[in-house]
Amino acid sequence: MIRTVITGVSGRMGSTLLRLVRDSKDLELAGATSRKGSASVGQDAGQAARLETLGVSVNDDLGRVLDASRAQVVIDFTSAEASVAHARQCAERGVAMVIGSTGFTPESRAEVAASARSIPVVLAPNTSVGVNVVIRMAAELARVLGEGYDVDVLEAHHRMKKDAPSGTALKLAEVLASALGRGQEDLTFARHGQIGARPKQEIGVQTLRGGDVVGEHTVYFFGEGERIELTHRATSRDQFGLGALRAARWVTGRAPGLYDMADVLGFQRTP
Ligand SMILES: NC(=O)C1=CN([C@@H]2O[C@H](COP(=O)(O)OP(=O)(O)OC[C@H]3O[C@@H](n4cnc5c(N)ncnc54)[C@H](OP(=O)(O)O)[C@@H]3O)[C@@H](O)[C@H]2O)C=CC1
Ligand SMILES: O=C(O)C1=N[C@H](C(=O)O)C[C@H](O)C1
């Protein structure tokens with residue numbers, strides 16, 4: 001059994017992960033954390049995640065949990081800021097990680113990369129296998145279609161999501177830019193006012209927020225006389241969670257390094 005710690009257990013993803021670990025045959029719950037000051041600290045993790053009692057209490061200090069639990073892997077879907085701190089604590093103790101948090105700046109991503117010099121870390125803005133297949137297909141479509149198409153990415157998420165655009169939309173935009181030989185400077189995150197004709201190189205990234213949308217991403221290739229749309233719609237968080245468990249099995253015992261879902265799934269990296 002792989003001894004697994006889940007952070008942020010009362011969150012939307014934390015509670016999903018807790019249920020999936022409870023139901024898995026090869027991962028066991030070794031510890032659970034919540035943010036300092038959260039009402040769930042000290043509660044049973046199952047109660048914090050609106051499940052039955054699981055016999056593991058929620059702590060607000062990941063370092064202590066790791067010291068006490070002989071954990072092998074931490075699955076962390078909290079926030080970019082919290083994940084940077086968690087990665088440091090895991091690196092100090094040699095514990096592998098799967099990070100699903102989004103909203104990283106180049107600087108905070110570099111901090112995770114620094115921790116990944118001493119432990120293996122899978123950092124993935126989307127752990128659903130389906131989405132990662134779509135990312136791969138988007139890159140392939142961009143390469144085959146080439147310059148004759150205007151490319152935009154549209155994402156929609158629930159009203160509570162804190163970051164925009166989604167980490168997945170950013171990943172899609174980066175992959176598309178790389179496939180088309182373009183750079184960060186070609187990404188456009190909003191259009192408003194007298195914007196004039198669309199620059200040929202532009203890749204637009206647009207955001208919708210509302211209701212309980214779990215997560216939707218569409219890549220548009222607008223051509224002359226045709227349009228290709230590549231869409232992924234998540235209708236449950238379980239696919240994110242199941243992909244994260246798959247990443248946890250894969251990363252446990254690996255050599256230190258910063259990995260992504262392409263590595264877990266055996267795809268060639270893009271970009
Ligand atoms: N990679 C993927 O496939 C997916 C990624 N995500 C990403 O995962 C993250 C979480 O999403 P979601 O579950 O919807 O968000 P939630 O806000 O529902 O959950 C986040 C949880 O983390 C807790 N938390 C914050 N800081 C800490 C800390 N230092 N230690 C322990 N717990 C902490 C929060 O506590 P409190 O509420 O008290 O602040 C909250 O319970 C987001 O960045 C989101 O974009 C989401 C879905 C899929
Ligand atoms: O916050 C969410 O909910 C999600 N976040 C991820 C992202 O930012 O890409 C992945 C998923 O679509 C759900």
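A backbone N or O atom of Gly 167 sits 2.9 Å from an oxygen atom of ligand 2, a polar contact (a pair of N or O atoms within 3.5 Å). The protein covers 85% of the 330 Å² of accessible area that ligand 2 has on its own (areas by the Shrake-Rupley method with a 1.4 Å probe). Side chains join in too: a polar side-chain atom of Thr 168 lies 2.4 Å from a ligand 2 oxygen, and one of His 158 lies 2.9 Å from an oxygen of ligand 2. Residues around ligand 2 (a heavy atom within 4 Å) also include Asn 126, Lys 161 and Phe 240.

All this comes from a predicted model, where local features need pLDDT of at least 70 and side-chain atom pairs count only at pLDDT 80 or more. Residues are numbered from 1 along each chain, ligands are numbered from 1 in the order written, and hydrogens and water are left out.

Now for strand 7, residues 150–157 (strands are DSSP runs of E, at least two residues; helices are runs of H or I, at least four). Of its 8 residues, 6 are buried (under 20% relative accessible area; exposed is over 50%). Strand 7 pairs (at least two DSSP bridges) with strand 10 in the antiparallel sense over 7 bridges, with Asp 152 bridged to Tyr 220. With strand 9, the pairing is parallel, over 7 bridges, and Val 151 stands opposite Ile 203.

Helix 5 (residues 106–115) has Ser 108, Val 112 and Ser 115 as its buried residues. Seen down the axis, they fall within an arc of 55°, so they line one face of the helix (directions run from the axis to the C-beta atoms). The face turned away from that buried side carries the exposed Pro 106 and Glu 107.

Conventions. Buried < 20%, exposed > 50% of the residue type's maximum accessible area, 1.4 Å probe, protein only. Polar contact = N/O pair within 3.5 Å; in protein donor to acceptor, adjacent residues only side chain to side chain.
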